[in-house]
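Here are some notes to read alongside the model. Keep the sequence and the 3D view open while going through them.

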Amino acid sequence: MPTFYERRQLVTPGDLVAEGNYIAGENTFKENEKLYATRVGLVEYEERRVSVVALKAFYIPTIGDTIIGKVTDVTMGGWILDINAPYLALLRASDVMERSYRPQRDELSSIFDVGDLVIAKIVSYDRTRDPLLTVREPGLGKITRGQILEITPTKIPRIIGRKGSMIGVIKRETGCHILLGQNGLVLISGKNLEDEQLAVMAIRKIENESHTSGLTDRVTDMLKKEKEKEGETKNA
Amino acid sequence: MSMIIRVKQKQIAQLMAKGKRLDGRELNDYREIKVEMGVIEKAEGSARVLLGKTEVLVGVKIEVGKPFSDTPNEGVLTVNAELVPLASPTFEPGPPNENAIELARVVDRGIRESKAINLEKLCLEPGKKVLVVFIDVYVLNHDGNLIDASAVAALAALLNTKMFKYDVEEGEIKVKPGYTPLPVQSYPIAVTFAKINDKLAIDPWLEEEQVMDSRLTITIEKDGKICAIQKGGTGYFTTGQILEAAKIAKEKASEIRKLVVKG
Amino acid sequence: MPKIEEKLIDKDGIRIGGRKFNELRPTKIQVGVLNNANGSAYIEQGKNKILAAVYGPHEVHPKHLALPDRSRLRCRYHMAPFSVDERKSPAPSRREVELSKVIRESLEPSIFLEYYPRTSIDLFIEVLQANGGTRCAGITVAALALADAGIPMRDLTVACAAGKVEGQLVLDLNDTEDKKGEADVPLAYMPNLNAITLLQMDGQLTLEEFEKAINLSLEGCKQLYNMQKEALKAKYVVLKEEVKE
């Protein structure tokens, strides 16, 4: 049962990755015993499962995901949010208000208004309807401070790193609080602008070099160097 | 798009896999074709074609006009198609949509590339005045395969066309008494196949069109050469299927041509 | 206008511009050239300069155009007014409408539209300079814009035209060869499925010539297909090299 690419080799849509009794994983499809890539990405093998880690893809809502969305409309029954996906998401008024009275539109916009950023969780989603959100759990709700970064959603795992190693380095070196939305939006809030910028730089670097190895070390080095530079400018 | 009943869809596809069609035809059979010429007296030429229940009327009008700047010695040929709303619940009033435009351009291509009309013979005053041949395709009932029906009707209308005798005297166009037939020198015939369940079926009727993944039209001129091809629809063909279709089209075109061109 | 009696193919079979019968025009492809579009790509093929951009998948507007079980691919092929010798009006011509349709139909089979019901994928092909074979170059670059947008596809669709000029079958006709030649056969292809998704022809060819033209075009397609893959990988390969240093 042949495979035609090595682990972490770059493939493009239509590349024949494997032939035979393999299981088609993410970003692949199987036809007549032949397994092809459907997106540009790096090949991964896990026993009989062949998948491609996409270097560029958009977010598809998944139930249980924590995401960051932007309110684009306030309606009679709640809010509509752009969650950086092919579908707009809904947050019902009933999710935020305990009582079952009919809220006025003004009341709703005083809770979340157009342009607000919200951390929410996806509660339901299927092919026939737009995704439904909730902000009921702790840690969810309106974002009031910090910076927002938009990266390709498929790179979120790389930013987390194995057992959180990568994100741990960034948090430690910059002292920032970092929240990763599964939809590719990242919230960074630190003690000051310089620290936040440092974290942004690190994340951008990971995004651009996600397909290479030895990244954790390089990011650590970069952060240390930048902090030294900053220290020098401050002392100068 | 009018919805076809899913059960019927399956039926058509299943039968097709066995090389059979719902209306009893073989894969390579056309529906009954009726051609009537000269049905609109006010047009210079006209024809009405019935292909099964598909009905297309074509009128030819000839006017004096200006040539295009890059072909000063040639007359002008222009084909327009109207998917008239009464022909189908799916046709809406308004300017031609992409289907009407495609239909017109495929019919045009057959006539133009086969050089059915010798455009140089339509030149009255080089660079200034030429004859413009307007071919207007009017679909009156859509029951599938508008391309073949329209192409046959257009050819028949051209063969039916009688125009005034024009003369240029002292820079003015004068019309002489009497009529002369439009000089038609080739007889392009379009043959359309639908691909259903990997089989090629000629002259798809409406329900087959709703089920097919793609269609292939091959236009053959009088010497058996291919003069236009158009693949339509969202599916695909293999090279083998295309070459097979071309062979069959060549035979079928000769048969159909006999209905329009006498002798 | 003076009559130019120049032959298009000389006695050694070399075409104007120096190409042999089966040579493509010099081609350059770049992927990811626009930052607002979700995906984009640019091609130069001879004097052709064509830009393709993709927005989506996103919610369809107007809503009634949404398909319940799949995404709707919308395609606009358009030529800039300055792209041709005689200025072309910016309003869509009948030719552009037809080409928008056949180009859309040539790309649909490769996209997993059924993954994104009720959305639309909007594809824009802008011909900035035209010199023959723009629908094929447009398809070749559109497939890359779709891949760049992260839209999952069965294969990259690639396109190339073959035709007949002064009695000889040739590959990738430029504008002069198309206008003065005897036939032009644009073709789009998905190599893995051995599927021809666009096929048109105008001119006059015998059955045998037609078969040869298709085969010639498929050879051109295969070369362009490799260039497409290289162009997609180029962005990432460069970074890998930089990082190694």
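**Notes on chain contacts and two helices**

1. The model is predicted. Chain A and chain B do not touch, and their nearest C-alpha atoms lie 16 Å apart.

2. Which chains share the most contacts? Of the 2 pairs of chains that touch, chains B and C have the most contacts between them.

3. Chain C also meets chain A: 24 residues of chain C are in contact with 23 residues of chain A. On the chain C side, β3 (48–59), α2 (134–148) and α4 (207–244) each supply at least two residues. The element that gives the most is α4(C), with 7 residues. Sorted by class, this side of chain C has 12 nonpolar, 5 polar and 7 charged residues.

4. In chain A, look at helix α6 (residues 215–235), which has 21 residues. From its first C-alpha to its last, α6(A) reaches 30 Å, close to the 30 Å expected at 1.5 Å a residue. Is this helix buried or in the open? The number of buried residues in α6(A) is 2 of the 21, so the helix lies largely in the open. To count as buried here, a residue needs 20 or more other C-beta atoms within 10 Å of its own.

5. In chain B, helix α1 (residues 6–17) has 12 residues and should span 16 Å at 1.5 Å a residue. The end C-alpha atoms of α1(B) are 17 Å apart, which agrees. After α1(B) comes Gly19(B), and the phi of Gly19(B) is positive, near 80°.

Notes
Residues are numbered from 1 along each chain as its sequence is written. Chains are lettered from A and ligands numbered from 1 in the order in which they are written. This is a predicted model: local features need pLDDT of at least 70, side-chain atom pairs count only at pLDDT 80 or more; totals for chains, interfaces and linings use all residues. Two residues are in contact if their C-beta atoms, placed from the backbone, lie within 7 Å. Helices (H or I, at least four residues) and strands (E, at least two) are DSSP runs, numbered from the N terminus. Ala, Val, Leu, Ile, Met, Phe, Trp, Tyr, Cys and Pro count as nonpolar, Asp, Glu, Lys and Arg as charged, and the others, Gly among them, as polar. The expected span of a helix is 1.5 Å times one less than its number of residues. A residue is buried if 20 or more other C-beta atoms lie within 10 Å of its own, exposed if 12 or fewer, and partly exposed in between; C-beta atoms are placed from the backbone.
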